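Okay, thanks everyone, let's get going. I'd like to walk you through a pocket and a couple of valines, so have a look at the screen.

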Amino acid sequence: MRTMYDAVTARNILKKDGRPVLVAGYIDRIKLAPWTAADWALFPGALKVRIVKKASTDDGHVLDVEPGDAAPEEAPGWAKRRRASGFAYPVIYCNRSTWPKVKAAFKAQRVEPPLYWIATATGKREIPEGAIAAQYLLDVAPGIDISVVADFWPGVDSPGSGKLTAEPEVELMERITVTPPNAGQNTVRLNLSGSAGAALVVRPRINGQGVSKPMWVGNIFAWGSDKAGVGNNPKTNPNYDDRLTSHRRFALPGAVWADLEYSAAEPFEIDVVG
């Protein structure tokens with residue numbers, strides 16, 4: 001999991017972390033001014049998450065649903081407009097107590113559920129089931145919020161149409177549906193491109209309430225064209241969390257095929273990119 005910072009004053013983030021991986025800022029105005037181009041330019045190496053406050057703003061990755069900004073019942077319309085404009089992965093930011101109201105609005109308006117960034121303020125680096133990120137620390141000096149983010153955030157890690165990573169020549173090759181034969185440990189074999197950008201994106205299915213059942217991904221054994229292992233097995237990382245409740249990307253540069261171990265109670269998808 002990764003760390004993301006957001007702030008009203010962009011420069012405050014640099015006082016906490018000189019080289020952030022992910023930053024989030026506002027791009028429209030209700031009362032406070034949005035970030036300027038110069039603000040965004042402070043973070044040349046970071047992935048940038050663009051937040052809007054008004055549901056009428058057809059832009060951005062995230063709609064901020066909280067008092068003074070967008071209302072829960074406005075969220076489905078914003079998500080529908082963003083998808084119609086070509087952005088496939090709209091995100092709703094809200095706090096934990098508002099989350100059920102937002103889910104109910106999507107269900108009532110019969111709009112496909114979005115991704116969720118939930119403000120938990122628990123102080124723990126944990127993402128609730130069904131969310132892509134959690135804002136777990138609020139108002140940290142010198143004036144920032146801190147979130148924990150999934151290893152792969154569709155639409156942020158995949159900014160281009162049809163692209164699934166920020167690398168310009170990496171595209172979706174195939175989407176595979178895996179139907180588990182049982183709830184135990186199973187293995188699926190996958191063919192990859194052998195390119196430097198070869199990767200797999202495992203995608204648990206999200207239901208109508210915006211929640212996915214947890215599944216587990218264990219060893220990923222990958223081989224190159226010379227039948228030699230290419231490494232990058234996530235299980236070799238001592239901090240690896242094999243439990244998935246949202247999409248996760250596994251980079252396997254140079255791999256032409258891989259065996260992925262998994263346990264799941266229902267079908268899920270795997271995107272092969274390269």
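Quick bit of vocabulary before we start: when I say helix or strand, I mean a DSSP run, helices being H or I with at least four residues and strands being E with at least two, numbered from the N terminus. And keep in mind that this is a predicted model.

So, first valine. V111 sits in the loop that runs between helix 4 (99-108) and strand 6 (115-119). Is V111 buried or exposed? Its relative accessible area is 13%, and the cut-off for buried is under 20%, so V111 is buried. Who's around it? Setting aside neighbours within four places in sequence, V111 is in contact with P76, K80, R83 and F106. Take K80: it's 31 residues away from V111 along the chain, yet the two C-alpha atoms are separated by 7.0 Å.

Second valine: V148, over in strand 8. That one is buried too, at 0% relative accessibility. Again leaving out neighbours within four places, the contacts of V148 include M1, R2, I127 and Y136. E261 is another story: 113 residues along the chain from V148, with 26 Å between the C-alpha atoms.

Now the largest pocket. You've got about 400 Å³ of space in there, and 21 residues line it, with V8, Y26, D64, E66 and D145 nearest the centre. Strand 2 (22-26), strand 7 (133-140) and strand 8 (144-149) are the elements giving two or more residues to that lining. Which strand gives the most? That's strand 7, with three. By class, the lining has eleven nonpolar, two polar and eight charged residues.

Methods
Residues are numbered from 1 along each chain as its sequence is written. This is a predicted model: local features need pLDDT of at least 70, side-chain atom pairs count only at pLDDT 80 or more; totals for chains, interfaces and linings use all residues. Side-chain values use heavy atoms; hydrogens and water are left out. On a 1 Å grid over the protein atoms alone, a cavity is a set of points where a 1.4 Å probe fits but cannot get out, and a pocket is an open set with protein on both sides within 12 Å along at least five of seven lines; lining residues have an atom within 4 Å of a point. Grid points are joined across faces, edges and corners, and a volume is the space filled by probe spheres set on the points. Ala, Val, Leu, Ile, Met, Phe, Trp, Tyr, Cys and Pro count as nonpolar, Asp, Glu, Lys and Arg as charged, and the others, Gly among them, as polar. Buried means under 20% relative accessible area, exposed over 50%, partly exposed in between (1.4 Å probe, protein chains only). Contact means heavy atoms within 4.5 Å.
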